[in-house]
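Biologist: I have this one open in the viewer. Can we go through it piece by piece?

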Amino acid sequence: MLRRYTHWLVVLSTCMTTGLSGCLHPCWNNYDCPDPPAYDECLISEYADRGLKIEDPVPSVCEDEDWLEIPDSPDAINPDNIDLEAGYWDLSLEEAVRLALQNSQVMKDLGGVLRSPEALVSMYDPAIVYTDGRFGEEAALSAFDATFGASAYFEANDRRVNNFTVGDNGFFQQDLHNYEVNLSKRNATGGLVSLRGITQYDYNNNPQKVFSAGWDTYIDAEMRQPLLQGAGVMFNRIAGPNGEPGFANGVLIARTRTDISLADFEIAVRNLVSDVENAYWDLFFAYRDLDVKINARNNVLEVWKKAYANVEADKKSADTEAQAREQYFRFEVEVVNALNGRLVERTRDNNGSLGGTFNNPGGVRVCERRLRFMMGLTQTNGRLIRPVTEAPVAKVNFDWNAVATEALARRPELRRQKWVIKQRELELLANRNFLMPNLDLIARYRQRGFGPTLSDQSSIPGEAGALQSLTDGDFAEYQLGVEFEMPIGFRRAHSAVRSSELALARARAIKEEQEKQIMYGLSNTYAEIQRAYEIMELLFNRREAANAQEATVRASYEAGKAPIDLLLEAQRRVIDSSALFNQARIDYALAVKNMHFEKGSLLEFYQISLAEGPWPQKAYNDALRRDLHKRAAHHNYVINEAVIGQPKQSGNTLVAKPVDGEAAPSVEKIDVPKPAEVEVTPTARTSALPVLNNPLRSASTSMGGLIKPAGHSAAPVERATPAPIIRAEDAKAGENFSFGGEAPREAIWLH
């Protein structure tokens, strides 16, 4: 009979399995199966297109769409429609840095925001690391938080067993209730303390029971304390109670991660400030370069006019006019490039030096847009930014021993690596603890109570409720013991220790190499300052010599004693020497900036300090409450009298530091307008863009195929009187010179 039922059960199960599986099995691959089913190609194509379609994510209904305001067209500023009433935006270097920090939530770089957004550093990164639910400080501290749990289960059991002593002659019926409440807490030494309360209600048909229904309750207190592995305050602060060989996530490790993120943020802010200054000096050079090329173009235009007049009067041959015309168009091309610029590599960090080596970008418009981007402003707003901070020309001397010591003590890269070394040292201490076996001391105490009812007196004489029996202390139990466990060989622990030792050695080796590279970069910058200043002096003299030569050749040409090609060559020398002198000024300015970059004082040079933002008011209230509790508990201790209930309201994280013992200036709260709304008080009326319209737009042709220069009868272009020439034989050692009409300055020693 049993075999027959089993046979039918197997057949039924097989049929159900085959029917439910359906066409999941590709049976058409077998030779005994029919042909595969035909599919609708259009249907397949429709679903394939739907699965491969590129879609935008659905926006959240609770999120306001914040669209970027489209700036004005780059054509909004040109010589025909420039806003002459507002003029230029005269911007200082300090104001450019302030606006960049004020408008930058992400430490931007040209192209990096789109190319590798995850690699960028933002103002949110330190807070993200601190609040990380896996590796943050709060997550590490949460392992020591108390845990509360409660449960309630209700069962109705109805069964027959092969034992006539159970239930009613083998028929067992039961109503069972289980209630449990527990509270556990991990302490700083690694021990686990638990407190449980368990109550059970049992009603069954067992004839041998004492009561028809019984209540069993007990309170259980247990403590488990590790004695070897996992014991100690230091281990639990490093690895945490859930630490494993090779993985430590205690509060100290989490704190080092936060300190590393703070160092990364400081490095990113420093790099942003350096890039803003690089972009500022690029724009400064672009304006000076444009002025030089415009003056050269205007000078050759005057020569072209005279050459054209001589050709018309049959005083000169046509080749002289062609030479002047070729020179004019050559300089006109350079003027257009100097105004608009080309999209080439700019001056930026890590291009020859960590702080940035000058790379002639050329073009006022391109450099101005770059500076606007670095400052977080719109690309156009009706006027051009014009730098007003002059590039330094005074000689600046740095004491080598002082700057070398300062660089080793203040560079944020070294501070970051020191935190990495500290993290590796802590991990090594934690992993060495896993070389010990597990030896836990266990202590448990239990107080029981039993009765026909839970709390009230029962109808049975002399029988109390379960809770009353519990409080009487009639039934007490305890347990003491130890548990020992040890892996044979400690393979994983030894591997983790060796890995930590190698990681620590690697971190220390990297720190040594970083110190060597810092000394390498510092020595290069120290030598670059001397080179750039010397070259700036030489190029100044070359420029003045070229101007003097051009003036002499011009006088000879006008007197008919010098050919035109000699004059054109002299003009080319003027433009080349002037451009090189302006480039030397930027080289020197960047060298001074890079010295502060290399020795770690760039942020302090701009009086920039990093500060934590204000906490919520509830945090200050909690701190005040705890402080009051300390005052009540410790009357003999000296308590800080600072008012912590009223936090200082700070509207700006840029905190000015006192200089030379002076009081720090108060920082006013600045309402930052949107990038498109940044307006500056209009300055004095200035001229339009220093670009003349092409004089050949209204040109006419004449006999001989010559192009007549426009404005033939125009007044000659005024030329500035050249500065006096500095002769090398007359210069004294250590003497400072004046460039561009600036007052001479004394040498400045910085350390």
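Modeller: Keep in mind that this is a predicted model. I would start at Arg330, which lies in helix H9.

Biologist: Is Arg330 buried, exposed or partly exposed?
Modeller: Arg330 is partly exposed, because its relative accessibility is 36%.

Biologist: How far is Arg330 from Arg297, C-alpha to C-alpha?
Modeller: The two C-alpha atoms are separated by 8.5 Å, and Arg330 and Arg297 are 33 residues apart along the chain.

Biologist: Staying in H9, which side chain does Arg325 meet in a salt bridge?
Modeller: Arg325 pairs with Glu321, at 3.0 Å from N to O. Both residues lie in helix H9, four residues apart, which is about one turn of the helix.

Biologist: And Glu321, buried or exposed?
Modeller: Glu321 counts as buried, because its relative accessibility is 0% and the cut-off is under 20%.

Biologist: What does Arg372 form a salt bridge with?
Modeller: Its partner is Glu368, and the closest N and O atoms are 2.6 Å apart. Arg372 and Glu368 both lie in helix H10, again four residues apart, about one turn. Both of them are buried.

Biologist: Those two pairs sit within one helix each. What about Arg411 and Glu598, where do they lie?
Modeller: Arg411 lies in the loop between helix H11 (400-410) and helix H12 (412-433), and Glu598 lies in helix H15, so the pair ties together parts that are 187 residues apart in sequence. The side chains meet in a salt bridge of 3.1 Å, N to O. Arg411 is buried, as is Glu598.

Biologist: Which residues do salt bridges with shared partners join into one network?
Modeller: That network consists of Arg196, Asp216, Asp220, Glu222, Arg444, Arg446, Arg448 and Glu477.

Biologist: And how many salt bridges does the count come to?
Modeller: The count is 44.

Biologist: Change of topic. Helix H8 catches the eye; what span should its 62 residues have, and what do the ends show?
Modeller: H8 covers residues 251-312 and should span 92 Å at 1.5 Å a residue; its end C-alpha atoms are 90 Å apart, so the two values agree.

Biologist: How many of the H8 residues are buried?
Modeller: H8 is mostly covered, with 50 of its 62 residues buried. Asp314 follows H8, and its phi is positive, near 60°.

Biologist: What about the largest nonpolar core, how many residues does it have?
Modeller: It has 46 residues, and those with the most contacts inside it are Leu91, Val97, Val273, Val276, Trp281, Leu371 and Met375. The elements that give two or more residues to this core include strand E1 (89-91), helix H3 (93-102), H8, helix H9 (318-340) and helix H10 (364-375). Helices H15 (564-598) and H16 (602-605) are also among them. H8 gives the most, with 16 residues.

Biologist: Take Val276. What is it in contact with, leaving aside neighbours within four places in sequence?
Modeller: Val276 is in contact with Ala96, Val97, Ala100, Leu371 and Met374. There is also a second, separate core of 21 residues, which includes Val393, Ile518, Phe581 and Val592.

Biologist: Next, Ile238. Where is it, and is it buried or exposed?
Modeller: Ile238 is found in helix H7 (residues 233-238). At 1% relative accessibility, Ile238 counts as buried.

Biologist: What does Ile238 touch, not counting residues up to four places away?
Modeller: The list includes Ala248, Asn249, Gly250, Leu252 and Ile253, and also Leu426, Glu427, Leu429 and Ala430. As for Leu428, it is 190 residues from Ile238 in sequence and 9.8 Å from it in space, C-alpha to C-alpha.

Biologist: Now the outside. Which residues make the nonpolar surface patch?
Modeller: Phe148, Val181, Leu183, Leu195 and Ile219 make a patch of about 470 Å². Ile219 lies in strand E5 (residues 213-226), and with a relative accessible area of 40% it is partly exposed.

Biologist: Last one, the whole chain. How many helices and strands, and what percentage of residues is buried?
Modeller: The secondary structure comes to 17 helices and ten strands. Buried residues make up 37% of the 751 in the chain. The chain exposes about 45300 Å², with carbon and sulfur atoms supplying 55% of that area. Of the contacts with a separation of 6 or more, 76% are between residues 24 or more positions apart.

Methods
Residues numbered from 1 in each chain as written. Predicted model: local features only at pLDDT ≥ 70, side-chain atom pairs only at ≥ 80, totals over all residues. Heavy atoms only, no water. Buried < 20%, exposed > 50% of the residue type's maximum accessible area, 1.4 Å probe, protein only. Contact = heavy atoms within 4.5 Å. Areas by Shrake-Rupley, 256 points an atom, 1.4 Å probe, with all protein chains shown as cover. Patch = residues over 30% accessible without salt bridge, like charges linked within 9 Å, V, L, I, M, F, W, Y side chains within 5 Å. Salt bridge = Lys/Arg side-chain N within 4 Å of Asp/Glu carboxyl O. Expected span 1.5 Å × (residues − 1). Core = buried A, V, L, I, M, F, W, Y, C linked by side-chain atoms within 4.5 Å.
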